[in-house]
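Hi,

Here is the structure I promised to pass on. Have a look at it first, and then read my notes below.

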Amino acid sequence: MRTSDHYDVICLGFPIWYYGAPNVINTFCKDYDWSEKKLYLFATSGGSGIGKTAEKLMPYVTGAKIINAEVLQNADDLKNWVSKIER
Ligand SMILES: Cc1cc2nc3c(=O)[nH]c(=O)nc-3n(C[C@H](O)[C@H](O)[C@H](O)COP(=O)(O)O)c2cc1C
């Protein structure tokens, strides 16, 4: 199991594929220890909303607290999303 001791807050971004994160993101996440991590998710999309993306990712980020998950369509969305991150 990999750890990321240097970080308490982690931002993870990906394109939405079939109403969730691409499988490669699940594969990447499942090898890490997410205990006590605050996780902020952001996604780009072809049109659908964020949907159940966070719920679908949960089995692969066991122990993490997913604080926020949003689709970012433009620079204003990005600024707004960044402003919500608790450091
Ligand atoms: C295999 C595949 C599945 C996709 N499924 C969705 C989807 O369910 N909902 C959606 O809004 N966009 C979907 N898209 C569009 C991607 O989210 C979109 O291409 C991406 O956000 C834009 O990033 P890119 O420029 O890296 O492709 C899909 C794209 C691919 C390639």
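Before anything else, a word on naming: helices (H or I, at least four residues) and strands (E, at least two) are DSSP runs, numbered from the N terminus. With that in place, Tyr19 can be put in the loop between strand 1 and helix 1. Please keep in mind that this is a predicted model.

Let me stay with Tyr19 for a moment. Its phi is positive, about 65 degrees, although Tyr19 is not a glycine. Most residues other than glycine have a negative phi, so I went looking for other cases worth a mention. Glu36 is one of them: its phi is near 70 degrees, again positive in a residue other than glycine. Glu36 belongs to the loop between helix 1 and strand 2. Are these two residues buried or exposed? Exposed means over 50% relative accessible area. Tyr19 has 59% relative accessibility, so it counts as exposed, and Glu36, at 72%, counts as exposed too.

Now the sheet. Three strands form an open sheet in the order 1-2-3, with parallel pairing. Strand 1 and strand 3 are at the edges with a single partner strand each, so each has one side without a neighbour in the sheet. On average, neighbouring strands of this sheet are turned by 20 degrees against each other, direction ignored.

If you want to check the register, start with strand 1 and strand 2, which pair in the parallel sense over seven bridges. Here is how some of the residues line up:

- Val9 is opposite Lys38 in strand 2.
- Gly13 has Phe42 of strand 2 as its bridge partner.
- Pro15 has Thr44 of strand 2 as its bridge partner.

Strand 2 and strand 3 also pair in the parallel sense, over six bridges. Lys38 turns up again on that side, where its bridge partner in strand 3 is Lys65.

How do strand 1 and strand 2 fit together with the helix? Strand 1, helix 1 and strand 2 make a right-handed β-α-β unit.

Strand 1 is a nice one to look at side chain by side chain. Ile10, Leu12 and Phe14 point to one face and are buried, while Val9, Cys11, Gly13 and Pro15 point to the other face and are not buried. That is a pattern you will know well: in a regular strand the side chains alternate between the two faces of the sheet.

On to the interior. The largest nonpolar core has 16 residues. Those with the most contacts inside it are Leu12, Phe14, Ile25, Cys29, Leu39, Leu41 and Leu57. Which elements supply at least two residues of this core each? They are strand 1 (9–15), helix 1 (23–30), strand 2 (38–44) and helix 2 (53–57). In soluble globular proteins, nonpolar side chains tend to be buried together.

Leu12 is a good place to centre your view. Apart from its neighbours within four places in sequence, Leu12 is in contact with Ile25, Cys29, Leu39, Tyr40, Leu41, Phe42 and Leu57.

As for aromatic rings, the structure holds three aromatic pairs. Ring pairs link Phe28, Tyr32 and Trp34 into a cluster.

A few more positions, in case you want to click through them:

- Gly47 is in the loop between strand 2 and helix 2. With 60% relative accessibility, Gly47 counts as exposed. C-alpha to C-alpha, Gly47 and Gln73 are 9.4 Å apart in space, and they are 26 residues apart in sequence.
- Pro59 is in the loop between helix 2 and strand 3 (65–71). Its relative accessible area is 57%, so Pro59 is exposed. Pro59 and Ser45 are 14 residues apart along the chain, and their C-alpha atoms are separated by 22 Å.
- Val82 is part of helix 3 (residues 75–83). At 33% relative accessibility, Val82 counts as partly exposed. Val82 and Val9 are 73 residues apart in sequence, with 12 Å between them in space, C-alpha to C-alpha.

Over to you, and shout if anything is unclear.

Cheers

Terms used. Residues numbered from 1 in each chain as written. Predicted model: local features only at pLDDT ≥ 70, side-chain atom pairs only at ≥ 80, totals over all residues. Heavy atoms only, no water. Core = buried A, V, L, I, M, F, W, Y, C linked by side-chain atoms within 4.5 Å. Buried < 20%, exposed > 50% of the residue type's maximum accessible area, 1.4 Å probe, protein only. Contact = heavy atoms within 4.5 Å. Phe/Tyr/Trp six-rings, centres within 6.5 Å; stacked < 30°, edge-to-face > 60°. Pairing = 2+ DSSP bridges. Right-handed = clockwise from strand over helix to strand, strands pointing away. Axes fitted to C-alpha atoms, helices over the stretch in contact; angles between N-to-C directions.
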